[in-house]
Amino acid sequence: MPPSCYTCRRRRVECDMSQPPCGKCTKAGLECFQKRPLRWVEGAAFRGKPKSISARINLVSSTVDESPLTISEGISIGTSNRAYATWIDNSDGNVDSPKWLSRGASMGMLRECHGAGPLDILSIPPGLDDPSIISLDKTSRYYLYYYSKCLCKLFIMYDTNKNPLRNLIPAALEEPVLLMSIVALSAQHMANTTRRFYSSEGECYGVESVDASHSALLYKYRAIQGLSRAVNDARSYRRDFTIASAFLLIFLDLLESGNDNWNFHLEGIKKLINCISHTDGSQTTAQQGLGATIQGLRDFIVRQIYLIDTLGATCTRPRLLSRSTLSRSITSLQMSVDKAYLGCPDDLLDALRSFSISRDAMTSPEHLEDAEVYSRIQRVVTVLGSTRSFDCNAWAAGLSHPDPSSIPSTMLGKLAQSYKLGTLIYGTRVLDALTGSNTSLSNSLGELIDTIDALKSDEALFKCILWPMFVAGLESREGAQRQYVIECLEKFWFETKCINVVNAANLLRHFWKQEECSTMCSQWIFNIGQMEGDWLLI
């Protein structure tokens, strides 16, 4: 007969000593530990010089029979193959030590991030071996690790050790605002993991989700407070960290809703980017030992802000976003799949910006003269022609790629094709609005749906095509097409846990109801920005 479990002994109740989990723990809704769980020990005092140790965890199975291990703060944890302890003591209930950060909960969440395969947690991600990690509170340590393992691969096409988002970790250990943004992002994603695609707004499941939501709100508040103070710092390298923090808050908005404050963060970032001198910033950050990291981060963010600015403008009220000069900043930057968020080709982004400008002009309070309307029609026709001639396969073949075998160029070509077809549909609807036409796009829609279907087999690329999926939904007229788009959005939600995907599905259902009373298909380029907010659907 098994011995009395640790949980019952801790609660001072008689254990029925059945096979784990025991009946008493099951009835009480508690996790049944057979032995005392692993925890961090704070404030451990040692005589003499602290000695380095190398912590090793044997993850043969995920059962509670694993041997416990205690790691003390203040000890210098070994060198290369060290274990990063993610099991947190749940004995106290303050904000910096959520009760749900228990052995089973944290391992379960990390296992969900990695899928069904074995967990690779025996090595510390870049930056997490920094000695300053031991000075962080328990929540920050855990969420920093969660960010490295689960979040960094979500917002990049192809995850490698050169991931610009993961390379933020050393800087986060020095910059509190950046750390707060990372923690808030991680906590919100963890809170989302228990939500269902068809659940009602704000519905949470379990103490893990509630506590993670509270942590996300707390650290988001701290991050925004820090940003309000940091924007006045004249030092260029500080502004780079400020930009990075605000950039992560855009991703946080995708996890929260997709229509909250992303546009304010975006506008602030664009202003800060235009204020930074690249020469002065590089020299200053080099003195801090982060010069290469900051320059690479700056290049990454400039490109992604141009993408977010472009795609974001298509689903917002006309003229909501300012017309920036960021396009000149990205001409010298070559796209690489391990340093790109969505992988939409620059030529297609330029075309979408041109179409959005023409759309915005039609909503101007000033009446357009016939000559200007004709000029805009000619411009849209020209850009549509260049978009049709865009060679997706040639673009894919020319991409910088650290490991071509991981993502074949044929699949990258299909990724570009999804954006090409979405751009053509959007541009055609702008032209229809200019000319008063109603072009049938059933062939383009069918081709787009086929391309989306082909990308479903590639998890890394499928999470990059929310915008083309949403355009396909806006153009769908048949029930089967609409149902397929919703199914794709549900799969997208399963892969990303971004609530803007749930809202995208709700928006489409709402739009389809309204569309039944309308005869002009082209009107969605205007109407979608009027439906319950300004949406970032990427």
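Here are a few short exercises on this predicted model, each with a worked solution.

**Exercise 1: The whole chain**
Work out how many helices and strands the chain has, and what share of the chain is buried.

*Solution.* Start with the elements: there are 21 helices and 2 strands. Next, look at burial: of the 538 residues, 55% are buried. Then turn to the surface, where the accessible area is about 23400 Å² and carbon and sulfur atoms hold 50% of it.

**Exercise 2: The annotated stretch**
Find which residues UniProt lists for "domain: Zn(2)-C6 fungal-type", and describe that stretch.

*Solution.* The record, an unreviewed entry, gives residues 4-32. Now check the content of residues 4-32: 41% helix and 0% strand. Last, take the two ends, whose C-alpha atoms lie 10 Å apart.

**Exercise 3: Cys15**
Decide how many disulfides the structure holds, and where Cys15 stands.

*Solution.* The count of disulfides is 0. For Cys15, the nearest cysteine sulfur belongs to Cys22, 3.9 Å away. A disulfide needs the two sulfur atoms within 2.5 Å, so that pair doesn't qualify. As for exposure, Cys15 has a relative accessible area of 7%, so it counts as buried. Cys498 is buried too, at 5%.

**Exercise 4: Helix α9**
Compare the span of helix α9 with the expected one, and list its buried residues.

*Solution.* Helix α9 covers residues 262-275, which is 14 residues. From first C-alpha to last it reaches 20 Å, close to the 20 Å expected at 1.5 Å a residue. Its buried residues include Trp262, His265, Leu266, Ile269 and Lys270, and Asn263, Glu267, Leu272 and Ile273 are buried as well.

How values were computed
Residues are numbered from 1 along each chain as its sequence is written. This is a predicted model: local features need pLDDT of at least 70, side-chain atom pairs count only at pLDDT 80 or more; totals for chains, interfaces and linings use all residues. Side-chain values use heavy atoms; hydrogens and water are left out. UniProt positions are given in the numbering used here, feature names are shortened, and annotations may be inferred rather than shown by experiment. Helices (H or I, at least four residues) and strands (E, at least two) are DSSP runs, numbered from the N terminus. The expected span of a helix is 1.5 Å times one less than its number of residues. Buried means under 20% relative accessible area, exposed over 50%, partly exposed in between (1.4 Å probe, protein chains only). Accessible areas come from the Shrake-Rupley method with a 1.4 Å probe; for residues, only the protein chains shown count as cover.
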